[in-house]
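The report below describes a single protein chain, moving from its overall make-up to its strands, its core and a few individual residues. Please read it alongside the sequence and the model.

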Amino acid sequence: MNRTFAISSAAAFSVLTAVLYVGMQNGAGQQLVSSQPRGATPPGKYVDKDGTIRLPEGYRLKWTHLGSWYVEDKKDGSGSLHDVYAEPEAVVAFRNTGKWPHGATIVKEVRESRKGKMSTGNAHWDGQIIQWFVMVKNTEHTFPGSPNWGRGWGWGLYSINDPKKNISTDFKIDCIGCHTPAEHTDWIYTHGYPILNEKEGPFKKYPKENYNGNEPVDKPLTE
Ligand code: HEC
């Protein structure tokens, strides 16, 4: 995989969350995820029988936006924007149970940030896509021993140069080190996604108790 980029985003520990409003319409609350049958069911729609994880298409149009991360550049560059998406059914299941259901698929899209002065202030906005990170929940531990599966998840990385190929070869090398700070929240940086526990709908209030204020700051990696 292209370690250079992934690691460069690593050093950025000064992370601002800018979680955008995402409309969860009332109906979404009704779509419960049915539990998968036991056995070697490939988790979710984006995993082949052999455990190959594919990058989902159409997530920008149809999925729920969990949140955005803006990662500053170490020097004077404009940094990068990370937008995270999950399927609405998985979000509803998480809100109800606090757990990701088997097959829940989470996509993190990484874009270059553009920046400039605008009437609102010093603004950053989406530039071109660089790469995508994908995690697929695997409560049934379907692919034991596979290097892209472990800790209850499948792990994938896709470059804009070849979005069809998972270029992560071993999650223990390419991913897990950086996700260890989030181990207590099932390896997901849940504190950046308030939508996961905002109980009220768009026309109701969002009480501040929804936000636990517990926002750990990762230690910067030494590399
Ligand atoms: C450089 C450290 C680093 C590496 C390497 C890394 N991640 Fe992450 N990942 C993070 C951080 C930090 C976040 C949340 C904040 C952000 O994006 O800046 C995150 C977020 C994510 C998300 C969004 C859901 C969440 O956990 O919040 C996915 C999906 C993801 N990573 C998958 C992967 C996969 C798959 C790999 C390996 C191929 C990987 N990551 C490698 C640090 C890393």
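The secondary structure of the protein chain comes to five helices and seven strands, where helices (H or I, at least four residues) and strands (E, at least two) are DSSP runs numbered from the N terminus. Read from the N terminus on, the order of these elements is α-β-α-β-β-α-β-β-β-β-α-α. This is a predicted model, in which local features need pLDDT of at least 70 and side-chain atom pairs count only at pLDDT 80 or more, while totals for chains, interfaces and linings use all residues. Residues are numbered from 1 along each chain as its sequence is written.

**Confidence and overall packing**

The pLDDT, which is the predictor's confidence in each residue from 0 to 100, averages 81 over the protein chain, and 71% of the residues score at least 70. Over residues 1-38 the pLDDT is below 50, although this stretch has 62 contacts in the model beyond near neighbours in sequence. Two residues are taken to be in contact if their C-beta atoms, placed from the backbone, lie within 7 Å. Of the contacts in the protein chain with a separation of 6 or more, 60% are accounted for by residues 24 or more positions apart. A residue is called buried if 20 or more other C-beta atoms lie within 10 Å of its own, exposed if 12 or fewer do, and partly exposed in between, with C-beta atoms placed from the backbone; by this criterion, 30% of the 223 residues of the protein chain count as buried.

**Strand pairing**

Strands are said to pair if DSSP finds at least two bridges between them, and the table sets out three such pairs.

| Strands | Sense | Bridges | One opposed pair |
|---|---|---|---|
| S4 (residues 105-118) and S5 (residues 121-137) | antiparallel | 13 bridges | Val-107 and Val-134 |
| S5 and S7 (residues 153-159) | antiparallel | seven bridges | Phe-133 and Leu-157 |
| S6 and S7 | antiparallel | two bridges | Trp-149 and Gly-154 |

S4 and S5 form a hairpin with two residues between them. S5 also faces S7, where Gln-131 stands opposite Ser-159. Six of the seven residues of S7 are buried, so S7 is largely enclosed by the rest of the structure.

**The nonpolar core and helix H3**

In soluble globular proteins, nonpolar side chains tend to be buried together. A nonpolar core is here a set of buried Ala, Val, Leu, Ile, Met, Phe, Trp, Tyr and Cys residues joined through C-beta atoms within 7 Å. The largest such core has 34 residues, of which Tyr-85, Ala-86, Ala-90, Ile-106, Val-134 and Val-136 touch the most other members. The elements that give two or more residues to this core are strand S3 (80-86), helix H3 (88-97), S4, S5 and S7. Leaving aside its neighbours within four places in sequence, Ala-86 is in contact with Trp-63, Thr-64, Leu-66, Val-91, Ala-104, Thr-105 and Ile-106.

In H3, the residues Ala-90, Val-91, Ala-93 and Phe-94 are buried. They lie on the same side of H3 because they cover an arc of only 160° around the axis, the arc being that of the directions from the helix axis to the C-beta atoms. What covers the buried residues of H3 includes strand S2 (64-71) and S3. Gly-98, with a positive phi near 75°, follows H3.

**A buried loop residue**

Ile-53 is found in the loop between strand S1 (15-17) and helix H2 (59-62), and it counts as buried because it has 26 C-beta neighbours inside 10 Å. Although Ile-53 and Val-136 are 83 residues apart in sequence, their C-alpha atoms are 8.1 Å apart in space. Beyond its neighbours within four places in sequence, the contacts of Ile-53 include Val-134, Val-136, Gly-154 and Gly-156.

**Positive phi outside glycine**

Most residues other than glycine have a negative phi. Arg-151, in the loop between strand S6 (149-150) and S7, instead takes a positive phi near 55°; this loop belongs to the hairpin of S6 and S7, which has two residues between the strands. Arg-151 counts as partly exposed because it has 17 C-beta neighbours inside 10 Å. Asp-186, found in the segment after helix H5 (176-179), also has a positive phi, of about 55°, although it is not a glycine. With 17 C-beta neighbours inside 10 Å, Asp-186 is likewise counted as partly exposed.
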